[in-house]
Amino acid sequence: MFPQTRLRRLRKSPQMRRLVEETRLDPCQIIQPVFVVEGRNIEEPIRSMPGQFHFSVDQLANKVKGLNEEKLGGLLLFGVPEKKDPKNPLVAQAIQAIKEVKPGLLVATDVCLCAYTDHGHCGLMGPDGQIQNDASLEVLAEMALGHAQAGADLIAPSDMLDGRVKVIRQTLDENGFAETPIMSYSAKYASAFYGPFRDAAHSAPQFGDRKSYQMNPANRREAMREIAADIEEGADIVMIKPALPYLDVIAEARRRFDVPIAAYQVSGEYVMLQKMGEEAVRESLIAIKRAGADIIISYFADA
Ligand code: PBG
Ligand code: ZN
């Protein structure tokens with residue numbers, strides 16, 4: 001008790017403060033999302049996300065040459081194809097091009113159908129306007145396999161359909177990719193913070209919303225069930241998304257599970273924080289770490 005206890009003693013100098021610092025940011029654990037488009041020689045600013053770009057495969061390879069792979073956790077690729085077909089090879093081409101110039105750079109890929117379907121939903125659509133959960137799984141698994149075959153280091157399914165981790169794991173295993181890990185978007189909330197991304201990925205649902213598959217922002221216990229299910233199905237890393245508005249979910253998951261936890265600082269968070277400047281960005285990333293995330297996916301990663 002005061003005056004014996006003086007907590008300010010350990011805040012006196014920068015040296016003392018860093019000596020007792022509990023949480024550190026390591027750029028090796030931060031992953032940068034990247035948007036890949038068709039065409040050549042394209043590096044086009046994304047209007048809804050200032051500072052982020054649409055890259056054609058050749059330009060992405062160019063950009064990657066200048067990246068220091070020692071100072072970055074990796075890239076998370078999103079395909080923005082012109083032809084809306086789940087078999088579109090755009091992302092596979094991007095993986096190959098990156099691996100050619102920087103074999104040591106970790107490449108993760110988003111696996112989902114929303115950017116590959118006319119309706120913009122994350123699964124196949126039935127005639128009744130409902131998502132066809134089980135019929136979608138094979139299509140997702142095919143996409144995941146294509147990415148693995150192209151050389152992806154980490155497969156990240158973001159669709160939030162039931163059972164997809166199991167089917168993707170099985171498909172990878174049966175085709176010689178038993179050692180390719182899965183980072184599952186396990187607790188992905190139906191969030192308004194994805195707004196700028198949907199513009200960037202041309203993946204906005206053309207009707208309805210994603211509430212029948214993405215989680216209700218009001219629920220934390222349910223997130224633990226989602227995470228437990230994904231681990232059971234074979235997820236190597238589980239993700240919580242968005243990050244900053246869901247720190248309690250990250251902290252609870254940290255207490256309950258021993259797998260690596262990733263948190264996705266999404267497009268809406270990016271746009272808000274950008275206005276606040278560098279210090280606020282750092283603080284937000286530290287907060288996500290402190291809550292218990294090992295890995296952060298952030299548009300500020302390569303900044
Ligand atoms: C698509 C997907 C989304 C994001 C990642 N994958 C959008 C959505 O579900 O509508 C959001 C990323 C961001 O906002 O930065 N399944
Ligand atoms: Zn989707």
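The legends below describe close-up views of a predicted model.

**View 1. Strand 3 and its pairing partners.** Strand 3 covers residues 53–56 and runs parallel to strand 1, residues 30–37. Three bridges join strand 1 to strand 3. Within this pairing, Phe35 stands opposite His54 of strand 3. Strand 2, residues 43–45, runs antiparallel to strand 3 and is joined to it by three bridges. Here Glu43 is found opposite Phe55 of strand 3.

**View 2. Gln59 in helix 2.** Helix 2 spans residues 57–65 and includes Gln59. The relative accessible area of Gln59 is 15%. Because buried means under 20% relative accessible area, Gln59 counts as buried. Leaving aside residues up to four places away in sequence, Gln59 touches Asn41, Ile42 and Glu43. Glu43 is also the residue that stands opposite Phe55 in strand 3.

**View 3. Protein donors of the zinc ion (ligand 2).** The SG atoms of Cys112, Cys114 and Cys122 are the protein donors of the zinc ion (ligand 2). These donors lie 2.2 to 2.3 Å from the ion. Along the chain, the donors of the zinc ion follow the spacing C-x1-C-x7-C. Cys112 and Cys122 both lie in the loop between strand 5 (107–111) and helix 4 (133–150), so the pair ties together parts that are ten residues apart in sequence. Cys112 is buried, and Cys122 is likewise buried.

**View 4. Geometry around the zinc ion (ligand 2).** Four donor atoms surround the zinc ion (ligand 2). The angles they subtend are 98 to 120°. The arrangement is tetrahedral because four donors count as such if all angles lie between 85 and 135 degrees. The protein donors in this arrangement are the SG atoms of Cys112, Cys114 and Cys122.

**View 5. Surroundings of ligand 1.** Ligand 1 is surrounded by 18 residues. The closest of them are Arg198, Gln214, Lys241, Ser267 and Tyr299.

**View 6. Polar contacts of ligand 1.** A polar side-chain atom of Tyr299 is 2.5 Å from an oxygen atom of ligand 1. Tyr299 is also listed among the closest residues to ligand 1. An N or O atom in the side chain of Lys188 lies 2.8 Å from a nitrogen atom of ligand 1. For Ser158, the distance between a side-chain N or O atom and a nitrogen atom of ligand 1 is 3.0 Å.

Terms used. Residues numbered from 1 in each chain as written. Chains lettered and ligands numbered in written order. Predicted model: local features only at pLDDT ≥ 70, side-chain atom pairs only at ≥ 80, totals over all residues. Heavy atoms only, no water. Pairing = 2+ DSSP bridges. Helix = DSSP H or I, 4+ residues; strand = E, 2+ residues; numbered from the N terminus. Donors = N, O, S within 2.8 Å, 3.2 Å for Na, K, Ca; no water. Tetrahedral: all angles 85-135°; square planar, octahedral: opposite > 155°, others 65-115°. Buried < 20%, exposed > 50% of the residue type's maximum accessible area, 1.4 Å probe, protein only. Contact = heavy atoms within 4.5 Å. Near = heavy atom within 4 Å. Polar contact = N/O pair within 3.5 Å; in protein donor to acceptor, adjacent residues only side chain to side chain.
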